[in-house]
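Reader: I would like to learn how the packing of two helices and the contact between two chains are read from a structure. Could we go through it slowly?

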Amino acid sequence: MSSSELLVKIRDLQIDGIADETRSRIINNVDLDLHRGEVLGLIGESGAGKSTLGLAAMGFTRDGCEIVGGSVEFDGIDLVGATPDVRRQLLGKRIAYVAQSAAASFNPAHKIINQHAEAPLFHGMSSRAEAEADAIDLYSRLRLPNPDEIGFRYPHQVSGGQLQRAMTAMAMSCRPDLIIFDEPTTALDVTTQIEVLVAIREIVEQFQTAAIYITHDLAVVAQMADRVKVLLRGDEVEEADTRTMLQSPREEYTKSLWAVRSFERPQKPLAAKTATPVISLRNVTAAYGNNDPVVRDVSFDIHEGRTVAVVGESGSGKSTTARCITGLLPPRTGEIAFQNQVLPADYRNRSVEQLRQVQMIYQMADTALNPRKKIGEIIGRPVEFYLGLKGAEKRRRVEKLLEQIELEPSEFINRLPSELSGGQKQRIGIARALAAEPKFIICDEVTSALDQLVAEGILKLLTNLQEEMKLSYMLITHDLSTVKAIADEVVVMKDGRIVEAGPKDEMFTPPHHEYTDLLLSSVPEMDPDWLDELLKQRGADNLGDAAVSKM
Amino acid sequence: MPTLSLTIWAAAVIVGTAMLSFVGRPIGTRKSIARLRDMTVTGALGYSLLIVTIYQAAALYFGPGATFFKWAVHGVIGFGLAGYLFQQLGRHVGTKATKKLFRSMPVTAALGILLIITYAFVAIFADFIAPYGQAEIFKDANLLPGGNPEMGGNPAHILGTDQIGRDILSRLIYGAQNTVGIAFVTTLLAFFIGISLGFLAATIGGVLDQVLSRIVDMLMSIPQLIFALLLMTIATAWFGSEKGMVTLFMILIIAVLDSTRVFRLSRAVGMNIVVMDFFEAAKLRGEKLSYLIFSEITPNAFAPLLAEFGLRFCFVFLTIASLSFLGIGIQPPLADWGTMVRDLSQFIAYAPFPVVGPLTASLPLMAAGAIALLTVAVNFVVDWMLHRASGLKE
């Protein structure tokens, strides 16, 4: 906060969304002040209007949204009534935007550096050669590997975390006064996220850029922002500087947000050595086609009523292991046993009874439910298929299942998936798995697409169901707080191999395998000094993926 | 030097309109009319040219002659009005869901639906609507439309008669039944073949997909009309050419040839659906192939397939009309629009003659217009459906 000059001044802003012939208020009389060189964190659950507010600070609204009242001033320029010419002069030059999914935001048909140079050339800020030289300079400041040549690749040739940093560099290309970061790390692994966080923070400090940082991850906002504003359904809940907000939140809602991370189910005692495991993997090696194996020699057991968390970053073979268990990908060698009976490798050869015992809950509830079927049909089909119930009996069973997942049957049974929220959809996914009355459920990143409050609800539901029905879970995740919350045992995977395995409590107490240690230390904490201390401890070159590649 | 003067005219128009657009901008800026102010010069030029065109069209309309142009204007205004009234009717009468549907519908789609309903009605109840039989021959041949005896018409045959004295109105109405009915059956058959094979290829993949796709590639590589003609000739040579048989051959041949396009589409759509998690969940549940295809894939492919159905229907319909025009489609004395265009086509040459010229020339145009109108109507509806399915705004 070098100067206290006001850069963005939003007063009494009202934005309406128009969908399906009805108008609804998305932003309700919100004020926002941003000074030069300051970072403001915007947090709230999905639908709170944080992205809409962030975009409104650029004078922009998405399709179907409309500014109906209030004012947005950027450096004294009124953006609401500005002509397209005036806006065109500002956007990209003095205001830049970094989107959530860099992979989806880059144009796949152009090299990264060409896209980088577009804004400076358009605004006549520099020649092409200068823009490219500047890009290379920014890439090395953001610690991208091979800064001299990485820009000359196409977006698909660069990893997700690197793309996100390249996008930050692109936003910096005209040295803007304001950058809006819209959930820039939400889609990334913890080890990648930390690199991007460090990069963003350094570059924002170096150039004294003001930023609006939108996220639903409180621990991230604690590291990045000077001040935090909490939004709830279009209303401002409260605003304070980060430390005050973390230590003494005033409002109930903020306190509930803060409390989410404290949910933790105590670890159950290990199953007896003689007990028959529900599922056991024995030396499973699997590959796609004739390529190198993605999963190498993996063995572990899952016992009745226990949750085994399989942890690792993307590409570590967690999901492939799950595909082997379900039979979608027959393993090259090794076998999978259900209660000591070896299952046929291919799901097509398994009996209906064997298929019933292994169910799956998917990460993306949007694609996991058939959008053209009503909830009653989605849950009713496995009931009918496996248990042979029909008519009124089937309906009673579906209603019972809906009660179990804490949704009111009469209200939801005739809805379509598109009429549900993300958390509700995920609950329907759980109900569909339960409808088969299985012994074992694979949960593939079930909470990673959800807000923390909603995710906590799902985790609690899973825990209660496990107690009731003695279910066993295999929990695939890269989020260690989820592991902490509901796992009994942890399996850490890297490059298709098991790096470390053991009971949860042991895993979270040192000494660890160095990779486990890296994973654990990369999880952001609510302490605003956490990142600084970590940097001091490890040094910027020993973080995240850079450290992984050194192993 | 007519070309030179044309060039000068064009240059004058461009310079003039460009100047107009420069003048329009400051006016817009002063009066802060955002639309005028933010308009680009080229956009303004476009609008200026539009105004000139409308002026020219109005001059043509109110001047003497240009009978066909006047008819076209009447047609556009009349159909537009009909579409608008139908849309308003739909917005105020009916259930909540249909009212909402009509509110989200453009006038073009409303007109399309109205026309399709009308065609369907005429085709189904042809026997009751038509004043005479389709093969009935009267002694007055070559009566002109209009029903005015002084102009060579007869009130008993409001649209006139053809060369051998058959009532044209009756034949148009029966033509709807024959042409549209056969096109509809053919399209349904083509879709049944195309969809089941396409989804099968998408679900099973591998060798089956390769074999089916290559066969389809092969069929698609031969020009459709020529291939259809060839197959028709072969079929009639082998199995004889009784009237019913020829029609049956035509339905089967066009259905198979058109199913290749449907196969391509349904395979591509199916491929996008089989990778979804809900499909995987159904597969892992142990569901049978028929359930996977008809319960999981089909409902999700409904929108693009329905749009394709409308479009494909037009093509099938035109193919049948062209085959009939060439003499190997629907056989006389069954009325068919394609045959009617062919039989009456020489009258088009009478168009330049004064007074009765346009009336004479309109004889083949009525059947052609019936074909064109249905094609346009179906395309209006398809456009709207595609728009809805793709979720595009504005």
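Author: What follows takes a pair of helices, and then the contact between two chains.

Author: This is a predicted model, in which local features need pLDDT of at least 70 and side-chain atom pairs count only at pLDDT 80 or more, while totals for chains, interfaces and linings use all residues. Residues are numbered from 1 along each chain as its sequence is written, and chains are lettered from A and ligands numbered from 1 in the order in which they are written.

Reader: How do α7(A) and α8(A) cross?

Author: Two packed helices are described by the angle between their axes and the distance between the axes. Here the axes of helix α7 (residues 160-172) and helix α8 (residues 190-206) of chain A come within 9 Å and cross at roughly 15°. Because angles under 35 degrees count as roughly parallel, α7(A) is roughly parallel to α8(A). Helices are DSSP runs (H or I, at least four residues), numbered from the N terminus.

Reader: Which residues of α7(A) and α8(A) meet?

Author: Residues are in contact if their C-beta atoms, placed from the backbone, lie within 7 Å. In α7(A) they include G160(A), R165(A) and M172(A), and in α8(A) they include T192(A), V196(A) and I203(A).

Reader: How many residues does the contact take from chain B and from chain A?

Author: The contact takes 14 residues from chain B and 20 residues from chain A. On the side of chain B that touches chain A, α12 (277-285) and α13 (289-325) each supply at least two residues, and α12(B) gives the most, with five residues.

Definitions and conventions:
Axes fitted to C-alpha atoms, helices over the stretch in contact; angles between N-to-C directions. Parallel < 35°, antiparallel > 145°, perpendicular 65-115°, else oblique. Contact = placed C-beta atoms within 7 Å.
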